[in-house]
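Trainee: Could you teach me how to read ligand contacts and salt bridges in a model?
Mentor: Happily! Let's have it on screen.
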Amino acid sequence: MDFREEFKRKLITVDEAVSKVKSNDEVVVAMAGSEPRAFLKNLHRAKNNVENVSVVTCLNMENYEFTSSKDMKGHFTNETWFYSPLTRKSHEFKTTTFIPNHLHLSAVKRLDYKKPNIFVGTATPMDKHGYFSLSLSVTYEREYIENADIVILEINENLPRVYGDTSVHISEVDFIYENHTDVPELQIVEPSEKDMIIGNYIAELVEDGSTIQLGIGGIPNAVSKALMNKKDLGIHTEMITDGMYDLYKAGVITNRRKTLHKNKFIGTFALGTKKLYDFIDDNMGVELKRGGYTNDPYIIGQNYKMVSINTTLQVDLTGQCASESIGLRQYSGTGGQSDTAVGALNSVGGKSIIALYSTAKKGSISTIVPFLTQGAAVSLSRNDVDYVVTEYGVANLRGRGLKERVDNLISIAHPDFREDIKREAEKNLLW
Ligand code: COA
């Protein structure tokens with residue numbers, strides 16, 4: 001069969017794609033590096049024709065006018081599963097709101113609530129069999145392709161062709177437009193001295209032969225560097241990163257001691273630099289699988305010695321972590337933090353590790369606190385944390401009662417704050 005005719009029949013312009021949006025629609029778009037940027041950059045132009053459109057997104061990569069402009073209020077609401085610095089700003093205009101979620105359930109739960117009218121994703125060019133690759137994310141994208149009334153794909157020849165649950169056949173797609181543009185990159189910030197101290201403490205907890213997950217943020221990049229002397233690590237992670245590629249190149253990641261998906265990198269999205277995208281392109285050793293699978297804690301837990309390594313903003317003296325908000329202010333999202341931590345706890349020999357600097361705001365406040373700031377969202381319950389790491393060491397909470405938790409956490413707080421925290425803990429009989 002020649003699918004090129006079908007491709008031509010379905011080919012439209014970006015403007016035509018935008019014109020499909022109607023008032024009260026639920027429009028869902030692919031996430032992060034897979035965001036359909038031409039569609040989102042032009043969406044605001046439909047403003048005068050539509051009202052009350054929900055645009056469901058995750059980790060916006062650009063400052064799109066449909067959400068960043070105050071004038072869009074009432075026309076579009078960016079309902080997002082993960083805030084980025086850009087959406088933090090538009091929250092104030094009430095053009096953006098947050099959807100609380102465990103990443104592996106984001107699609108299932110939202111689909112229970114609302115049927116999508118339109119899904120817009122990105123994909124590589126079609127192959128001779130009529131297949132596109134969804135490339136950088138299958139976090140929830142496949143579920144939406146299966147459920148949306150209208151499926152539109154933005155085709156970009158610069159996207160890596162990635163294996164896993166990424167294939168979409170042209171028969172599943174209603175419209176296509178082309179936008180052969182650069183692929184969004186996440187610039188890698190070199191770890192600071194403090195990051196490296198934390199990274200080295202974490203590396204001491206990671207045994208050879210472990211399977212690891214690394215979260216978002218500066219500290220995970222330092223962890224990748226600190227793991228350079230390990231042997232036979234494996235990857236089962238939400239996000240595949242540049243640091244993981246560096247570990248592979250150095251021979252540290254071999255994936256050969258994994259007990260699930262042996263010899264393969266497993267993730268649900270990839271975000272990094274061109275170096276990473278070149279590595280995952282047409283690489284049968286790398287698979288992106290649906291978020292509902294990859295991030296399912298019971299799947300994660302099937303990996304032997306699964307170590308989850310995530311970052312947080314504030315930890316109370318019992319181990320509760322506020323990782324996505326600063327007080328009432330939504331900062332990012334739960335993402336896969338809870339999925340991966342609980343997954344690690346389910347694993348034989350697994351460890352759930354959380355890391356943070358001991359202070360914030362230029363050293364003026366402690367991030368280890370007797371109580372979380374009022375209004376803070378708890379991303380990780382105290383039952384789901386084994387180790388908390390700061391630049392002052394490792395607090396082991398595994399199996400520990402409140403008294404030891406309080407003592408151990410105070411011991412890794414910044415020395416300037418330890419006495420005050422201790423006094424508060426004693427005054428309030430925390431143990
Ligand atoms: N009170 C006030 N401000 C605080 C704070 C606190 N308790 N703790 C941190 N901050 C500030 C910091 O000072 C910093 O601000 P600055 O940039 O002005 O110095 C900012 O908050 C955090 O720094 P940022 O660089 O944005 O953090 P990061 O990129 O290292 O990310 C998380 C850290 C926790 C936000 C991020 O890891 C996250 O969103 N985690 C939840 C999701 C997750 O872990 N998913 C895992 C699966 S991929």
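Trainee: Which atoms of Gln337 and the ligand should I look at?
Mentor: Keep in mind that this is a predicted model. To find a polar contact, look for a pair of N or O atoms within 3.5 Å. Here, a polar side-chain atom of Gln337 lies 2.8 Å from an oxygen atom of the ligand. Ser332 also offers a polar side-chain atom, 2.5 Å from a ligand oxygen. With Leu313, a backbone N or O atom lies 3.2 Å from a nitrogen atom of the ligand.

Trainee: How much of the ligand does the protein bury?
Mentor: Taken alone, the ligand exposes 980 Å², and the protein buries 71% of that. Its surroundings comprise 22 residues, with seven nonpolar, 13 polar and two charged residues in the shell.

Trainee: Now salt bridges: what links Glu207 and Lys351?
Mentor: For a salt bridge, check that a side-chain nitrogen of Lys or Arg is within 4 Å of a carboxyl oxygen of Asp or Glu. Glu207 and Lys351 form one, their closest N and O atoms being 3.5 Å apart. Glu207 sits in the loop between helix 8 and strand 11, and Lys351 is in strand 22, so the pair ties together parts 144 residues apart in sequence.

Trainee: Is Lys351 buried or exposed?
Mentor: Buried means under 20% relative accessible area, so Lys351, at 12%, counts as buried. Glu207, at 38%, is partly exposed.

Trainee: How many salt bridges does a search of the whole structure find?
Mentor: The search finds 28.

How values were computed:
Residues numbered from 1 in each chain as written. Predicted model: local features only at pLDDT ≥ 70, side-chain atom pairs only at ≥ 80, totals over all residues. Heavy atoms only, no water. Near = heavy atom within 4 Å. Polar contact = N/O pair within 3.5 Å; in protein donor to acceptor, adjacent residues only side chain to side chain. Areas by Shrake-Rupley, 256 points an atom, 1.4 Å probe, with all protein chains shown as cover. Nonpolar A, V, L, I, M, F, W, Y, C, P; charged D, E, K, R; others polar. Helix = DSSP H or I, 4+ residues; strand = E, 2+ residues; numbered from the N terminus. Buried < 20%, exposed > 50% of the residue type's maximum accessible area, 1.4 Å probe, protein only.
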